[in-house]
Every structure is written in structure tokens, then in C-alpha cells.
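Work through the following exercises with the sequence and the coordinates side by side, and try each task before reading its solution.

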Amino acid sequence: MTVRAILESKGRYIYSVEPDERLSAAIRTLAERRVGAVLVMRGARLDGILSERDIVKVLADRGADALDGPVHAVMTRDVVSCAQGDTVGEIMEVMTTEKFRHLPVLENERVVGLISIGDIVKWRLNEYEHEQQALHDYIKSA
């Protein structure tokens, strides 16, 4: 199974913030959208990603004063991404090895989606349920 199949199932919508936006506003976006990460974009260009981990780290290091600072001071700049043709197994390995929970999906350097570990788990559970049903139907017909 590929990233493309997951995106077709879940949708390609992404949440993003501007690099100069205040961290407190970005946190509000995370809370309102009920997501664990947002892409940091300047127009159509991906500048970074801001995750809950980035926020916890800066709050632990600098305290509440960090909330008034810009997102670009906190975001992860070296973003690891995937492509629509990547397999679920490949991105699961990257996420596990690198300890990421979100991967932007890029095609020709253009963002076309965002995959989370939750999306993968949901996809795998649905796949497992379909396999179970197929086995059940096969046994019933035998």
C-alpha cells in the first residue's frame, strides 16, 4: 500500500502557519484543529514543521516567554518528507527510526498532503478488518 492510497482515503488537506506568526497563535491552531503538527509555509514553500514536541521543548528551555516569539524560532527546519509512491512500510520505518509522528508528502517540491502515525494506524486497522472479513467469508463458503 502506498501513501497515495492513504491520502485518497483521508484527504489531502493540511494545516499550516506562517514562519513569522507568534507561537501562541500557532498553538491555538493546533488546539482548534485538534492536530499534533502544522506545516510552516511561506506561500507554497515548505519552511519547516511545528509539532507538539517542538513546543514542549522550547517551553522547557525558555519558559512562557517563548509564546511571544515567532514560529520560525521553534520549528523543525530539516523536514523529512515522503512521496505519494512510498509504501506504508517505508514510511513506518522512517517514522519509527527518526521518531517522527508526521511526514509532509511532497511531489516536485510541492506539498500535496501530510501523513500522521494515526493515519497509518487507521489504514492498517481497516486493512486488517478487510482481511479478517475476507477470511471469514472464505471459511463460510467452504
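**Exercise 1: the β2-β3 pairing**

In β3, Arg45 is the bridge partner of Arg42. The model is a predicted one, in which local features need pLDDT of at least 70 and side-chain atom pairs count only at pLDDT 80 or more, while totals for chains, interfaces and linings use all residues. Residues are numbered from 1 along each chain as its sequence is written, and side-chain values use heavy atoms, with hydrogens and water left out.

Task: starting from this bridge, establish in which sense β2 and β3 pair, and in what order the strands of their sheet lie.

Solution. Strand β2 (residues 37-42) pairs with β3 in the antiparallel sense, over six bridges; strands here are DSSP runs of E with at least two residues, helices are runs of H or I with at least four, and both are numbered from the N terminus. Two strands count as paired if DSSP finds at least two bridges between them. The next step is to widen the view to the open sheet, which has three strands in the order β1-β2-β3 with mixed pairing. Because β1 (16-17) and β3 stand at the edges with a single partner strand each, one side of each is left without a neighbour in the sheet. Finally, α2 lies across β1, β2 and β3 and runs at about 130° to β2, where axes are lines fitted to C-alpha atoms, for helices over the stretch in contact, and angles run from 0 to 180 degrees between N-to-C directions.

**Exercise 2: the two sides of α3**

Task: determine which residues of α3 are buried, and what they pack against.

Solution. In helix α3 (residues 52-62), the buried residues are Asp54, Ile55 and Val58, buried meaning under 20% relative accessible area, exposed over 50%, and partly exposed in between (1.4 Å probe, protein chains only). They cover an arc of only 95° around the axis, which puts them on the same side of α3; the arc is that of the directions from the helix axis to the C-beta atoms. On the other side of α3, the exposed residues are Val56, Lys57 and Ala60. The buried residues of α3 pack against α2 (23-33) and β3 (45-51), a contact being heavy atoms within 4.5 Å. After α3 comes Gly63, with a positive phi near 80°.

**Exercise 3: the β4-β5 hairpin and His102**

Task: describe how β4 and β5 are joined, and then place His102.

Solution. Strand β4 (residues 102-107) and β5 run antiparallel and are joined by six bridges, and in β5 the bridge partner of Glu107 is Arg110. The two strands form a hairpin with two residues between them, and Asn108 in the turn has a positive phi of about 50°. Strand β5 (residues 110-116) is mostly covered, since six of its seven residues are buried. His102 lies in strand β4 and counts as buried, because its relative accessibility is 16%. Leaving aside residues up to four places away in sequence, His102 touches Gly36, Ala37, Ile49, Met95, Leu114, Ile115 and Ser116.

**Exercise 4: the protein as a whole**

Task: state how many helices and strands the protein has, and what share of its residues is buried.

Solution. The secondary structure comes to five helices and five strands, which follow the pattern α-β-α-β-β-α-α-β-β-α along the sequence. Of the 142 residues in the protein, buried residues make up 35%.
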